Each structure stands twice: as structure tokens, then as C-alpha cells.
Amino acid sequence: MILVTGVSGALGGLVLAGLRAQPDLEVLAGSSSGDGDAVRRLDFDDPATLAAGLDGVDVLVFVSAGYAEDDVVFARHGALVAAAAAAGVRHVIYTSLSASAHYTSISVPHLWTEKQLAAAPFDVTVLRNGFYSELTVGLAADAVESASATGVFAAPFGTGRISGVSRQDLAEVAVRVAAETERALKADEVSPHAGRTYELEGVDSLDGIEIAELLSESLGRPVEYRDVSLSDLRTGLLAGDLDAYRIGHSVSLFSNLKAGFLQATSSDLPALLPTAPRSIRAELAAALSAGAVPA
């Protein structure tokens, strides 16, 4: 039996749907509420729910529980790892963060969790997911109105490039790994993915100039790229309603982007998908062309 956590999120929901489309698998969802069909209560902030939630589970698809201060994430992830070991889970598949982002502050909880998993008694597969293409598409969407009025796409990219990977591609890899692992365990075999760490980086990338060019094509008027300093970025974020820890993570992310660290140099993604990975450039161009980004 497979259980997927984080099913209320975009990635976890896609993984759950993909696994449930497989006719020969028993798949459960883990939710903090436990509401719905084939859903077990699995609340990372209430460790007492974890033992019962993991009862009988062979394969755990552990979608990382971010959106909190690091020590909160440590407690959540540590509790789930301990509960999985106690419940006799045989294989854990963890959605971590790509190596190109390991200088960013958001990598710390992922690296900590990988360390806890490596010391656990079950087999592990680590899916080091790259940055979602949808985030860059969303950034361009937010910039359309301003770019239309000013002819400028202003963003803290420096001269750096960011690689992007589609959530759908990442979900398809997770579904494949989980399904093949469950089938191997049913046959009393070791999963072909046991002990593997896959770098699931995007296969192409964009910089600020190229985003401005795509905006120009969409708007039918020139748009130039203008870099934003990290100081101005931080000032703007402080004026908003972001939690303090998110401000720190955002500045760290764009600092790494400016330094040129967020462009992938290699990826295991093509070898794990049945077709070519989706392109971040193509996804942004298609969204602009289809009017998904309002002009």
C-alpha cells in the first residue's frame, strides 16, 4: 500500500491522482484533517496521529512540508521519519530540493531531512526537485501590467539564469518511482530506485532579458529588462505582508540567482519521463500567447 502526504498541495495532488489512475495499486492520501475517501489523518504537527496513519503502509511518498521556520520543519519531518520507522514502512520517497539550490537558505530543512532518512531503517529514494516553472510564469504574469505601462520588466535576476521544471513532470516521476517500488515490494524484490538520489532539474532556463523579450512579443511593444538590487527587493518585501522567514528565503533565492547558481548543469529528468520534459520557455510563451497572463 502507498500513502501520499501533502495531497492538498499542487504537487501532492498530482502525485495522488497519478497513482490512483494505476489499476493495480492501493493508494491512500494523508491529510491533517483526514476528511474524504481513502484518506487517513496524518498531521505533522500532531505526532500522535502518525502511527495510526502509517499502519500497513509499505511505500510512503513524503512530500516535504515547507512554509514554516526551519526548526518547525525539522520537528515535522523528524516526527514523520520516526513514525515511519516505528510503523514498519519499507520504503520512503522524499521530495527534496535540487543541488543547484543548495546554497539557498531553503535547502537547509531538505538537507537535514535527507540526513535523517539516510540513518533510518527503511529504503529511501530522494527526488531532488528543481524550481517550478510555474513560479517564473507567475512572476512574468505579475509583471505584465507594469511592463505594459512602463516598458520595463524589473526583477532581481542580475545576469543569472534560472532553470525551471514543470510540476506535472515532477509528479510523473514520483508516480513512476512509487508505482515501480510498490510492485517490486509485492514481488518481494528490492525497488530499482532504492538508495537512489535523482536530480530533477529543468532542462532549460531563462534570464531576465529573455523574459522581457517574451513579454515584448506578447504585448506587441518593446519591453526591456532592468535589474533590481537585493536591497530594493528586501525593502519591497518588508513593506508587504510576507512572514519574516519568507523574506529571508526570498532574498537568499535571488542572491543565488544573481550569482549564477540556479542554472542546472545536468538532470536525471529526461531518463525518468516517457517523453521530453516540458520547457520553461515554452510554458511561459504558451501562457502569454493563450492570454493566461492578462495584458
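Begin by selecting Ser163, which is found in strand S8, a strand that covers residues 161-163; helices (H or I, at least four residues) and strands (E, at least two) are DSSP runs, numbered from the N terminus. Before going further, note that this is a predicted model, in which local features need pLDDT of at least 70 and side-chain atom pairs count only at pLDDT 80 or more, while totals for chains, interfaces and linings use all residues. Residues are numbered from 1 along each chain as its sequence is written, and side-chain values use heavy atoms, with hydrogens and water left out.

**Ser163**

Is Ser163 buried or exposed? Its relative accessibility is 6%, so Ser163 counts as buried, where buried means under 20% relative accessible area, exposed means over 50%, and partly exposed is in between (1.4 Å probe, protein chains only). Now show the atoms around this residue: the side chain of Ser163 reaches the backbone nitrogen of Ala264 at 2.8 Å, which is a polar contact, meaning a pair of N or O atoms within 3.5 Å (within protein, one must be able to donate a hydrogen and the other to accept it, and residues adjacent in sequence count only if both atoms are side-chain atoms). If you set aside residues up to four places away in sequence, Ser163 touches Phe131, Gly202, Asp204, Ser205, Leu262, Gln263 and Ala264, with contact meaning heavy atoms within 4.5 Å.

**Asp207**

Select Asp207 next, which you will find in strand S10, residues 205-207. Asp207 has a relative accessible area of 15%, and it is therefore buried. Which side chain does the side chain of Asp207 join in a polar contact of 3.3 Å? The partner is Arg161, and the side chain of Asp207 also reaches the backbone nitrogen of Ile209, at 3.2 Å. Arg161 appears again when you list what Asp207 touches beyond four places in sequence, together with Phe157 and Gly160.

**Pro109**

Move on to Pro109, which lies in helix H4, residues 107-118. Pro109 is buried because its relative accessible area is 8%. Leaving aside neighbours within four places in sequence, Pro109 is in contact with Asp70, Val73, Phe74 and Tyr94. You can also draw a distance from Pro109 to Ser96, which is 13 residues apart from it along the chain: the C-alpha atoms of the two are separated by 9.0 Å.

**Three exposed stops**

Select Asp188, whose place is in the loop between helix H6 (167-186) and strand S9 (197-200). With 67% relative accessibility, Asp188 counts as exposed, and its backbone deserves a look, since Asp188 has a positive phi of about 60° although it is not a glycine.

Then select Asp142 in helix H5, residues 133-150, which counts as exposed at 65% relative accessibility. Draw a line from Asp142 to Leu214, and you will join two residues that are 72 apart in sequence and 14 Å apart in space, C-alpha to C-alpha.

Finish this group with Ala290, in the segment after helix H11 (280-289), which at 66% relative accessibility also counts as exposed. The C-alpha atoms of Ala290 and Ser218 are separated by 9.6 Å, although the two residues are 72 apart along the chain.

**The whole protein**

Now zoom out and colour by secondary structure, which comes to 11 helices and 11 strands. The radius of gyration of the protein is 20 Å, close to the 19 Å that the globule rule gives for 295 residues, so the protein is as compact as a globular protein of that length; this radius is taken over C-alpha atoms, and the globule rule is 2.2 Å times the number of residues to the power 0.38. Taken along the principal axes, the C-alpha atoms fill a box of roughly 60 × 40 × 35 Å. Buried residues make up 49% of the 295 residues. Among the contacts with a separation of 6 or more, 75% are accounted for by residues 24 or more positions apart.
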